[in-house]
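These notebook entries record what I looked up, in the order in which I looked it up.

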Amino acid sequence: MKSSVKSSYIHNVFNDVQFETSAAHFSQFPKVELPEIAIVGRSNAGKSSVLNCIFNRKKLAFTAKEPGKTRLLNFFSVRLNGEATARVVDLPGYGYAKVDKSLKKNWERTLLEFMLTRRMLVASLMIIDCRRPLMDIDKIMLDILLKKKIPYHVLLNKSDKLNNNEKITTLKECKKALEQKDSKFKTNGSCSLFSASKRAGLEELQFKLIEWLIR
């Protein structure tokens, strides 16, 4: 799709999004088949803030300073001309240990079940705090994406916390680490800097989402 066409499409695609449902386990997932993008990442990486930024909404997704607040899978329908055409699914943050062990185990089970069995999943957006990129738990999630052959984009969020030299170095090192992890990284994935608070990197990210959803 040409850049000019994408630009005109962005307003329509990201202008109408609605909360659909929350789910604690597989039986509660929406049954109507639509292409879905999973939003994954460590707790407190800023997933909800990124989601709000993408759709230019202040309270589409709940944000909190305390990690581990997103405890359900939240499904949002992306609508075009009043009709649902796709979904974005905000998954519970992983890697936060200061919650009840049984609850944490249930989160992990539901998250894995979604990633491994969801037929409508077309891609995944992995959100990472750019100051702590690609930890071991992120690499475990990448293993799942690679096993299921799910295209992915690693979003280095909170880039406003870095100076220009640090941004360049962080992006370069992250891409190098991804190439070491995934020998076909340039085909399977991509990576970019982002700041939800400054809306930096927003258009590039929206173009990536459109590439996944509009085939």
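**Entry 1. Ser 159**

I began with Ser 159 and found it in the loop between S6 and helix H5 (164-181). The model I consulted is a predicted one. Is Ser 159 buried or exposed? Its relative accessibility is 5%, and because buried means under 20%, Ser 159 counts as buried.

I then looked up what surrounds this residue. Leaving aside neighbours within four places in sequence, I noted that Ser 159 is in contact with Cys 130, Lys 167, Leu 193, Phe 194 and Ser 195. For Phe 194, I also recorded a distance: its backbone oxygen lies 2.9 Å from a polar atom of the Ser 159 side chain.

**Entry 2. Strand S6**

From the loop I went back to strand S6 (152-157). How many of the residues of S6 are buried? I found 6 of its 6 residues buried, so that the strand is mostly covered. Both faces are covered. On one side I listed Tyr 152, Val 154 and Leu 156, and on the other His 153, Leu 155 and Asn 157.

Next I checked the partners of S6. With S7 it pairs in the parallel sense over 5 bridges, and Tyr 152 stands opposite Gly 189 in S7. With S5 it is joined by 6 bridges, and these two strands also run parallel. I noted that Asp 129 has Asn 157 of S6 as its bridge partner.

**Entry 3. The sheet as a whole**

I then asked in what order the strands of the sheet lie. The sheet is open, has 7 strands with mixed pairing, and follows the order S1-S3-S4-S2-S5-S6-S7. Its edge strands are S1 (17-23) and S7 (189-193), each of which pairs on one side only. For the twist I recorded an average of 20 degrees from one strand to the next.

On the S2 side of S5, I found 6 bridges joining strand S2 (residues 36-41) to strand S5 (residues 121-129), and the two run parallel. One pair I looked up there is Val 40, whose bridge partner in S5 is Met 126.

**Entry 4. Helices on the sheet**

Which strands does helix H4 touch? Helix H4 (residues 136-147) packs on the sheet and touches S2, S5 and S6. Its direction makes about 170 degrees with that of S5. I also noted that S5, H4 and S6 make a right-handed β-α-β unit.

Helix H7 (residues 202-213) lies across S2, S4, S5, S6 and S7. I recorded that H7 runs at about 160 degrees to S5.

**Entry 5. Salt bridges**

Side chains of opposite charge can pair when their charged atoms come close. How many salt bridges does a search of the whole structure find? The count I obtained is 11, and I looked up several of them.

Arg 42 forms a salt bridge with Asp 138, with the closest N and O atoms 2.2 Å apart. This pair links distant parts of the chain: Arg 42 is in the loop between S2 and helix H2 (47-54), Asp 138 is in helix H4, and 96 residues separate them. I found both Arg 42 and Asp 138 buried.

Asp 129, already met as the partner of Asn 157, forms a salt bridge with Arg 132 at 2.8 Å between the closest N and O atoms. Asp 129 counts as buried because its relative accessibility is 2%. Arg 132, with a relative accessible area of 45%, is partly exposed.

In helix H7, I looked up Glu 211 and Lys 208, whose side chains meet in a salt bridge (3.4 Å, N to O). Because they are 3 residues apart in the helix, about one helical turn separates them. Glu 211 is partly exposed at 37% relative accessible area, whereas Lys 208 is buried at 18%.

I also entered a network of salt bridges that links Glu 20, Glu 36, Arg 87 and Arg 118.

**Entry 6. Asp 90**

My last look-up was Asp 90, which is found in strand S4 (residues 83-90). Asp 90 has a relative accessible area of 1% and is therefore buried. What does its side chain contact? I found a polar contact with the side chain of Lys 47, at 3.0 Å.

Notes
Residues numbered from 1 in each chain as written. Predicted model: local features only at pLDDT ≥ 70, side-chain atom pairs only at ≥ 80, totals over all residues. Heavy atoms only, no water. Helix = DSSP H or I, 4+ residues; strand = E, 2+ residues; numbered from the N terminus. Buried < 20%, exposed > 50% of the residue type's maximum accessible area, 1.4 Å probe, protein only. Polar contact = N/O pair within 3.5 Å; in protein donor to acceptor, adjacent residues only side chain to side chain. Pairing = 2+ DSSP bridges. Axes fitted to C-alpha atoms, helices over the stretch in contact; angles between N-to-C directions. Contact = heavy atoms within 4.5 Å. Salt bridge = Lys/Arg side-chain N within 4 Å of Asp/Glu carboxyl O. Right-handed = clockwise from strand over helix to strand, strands pointing away.
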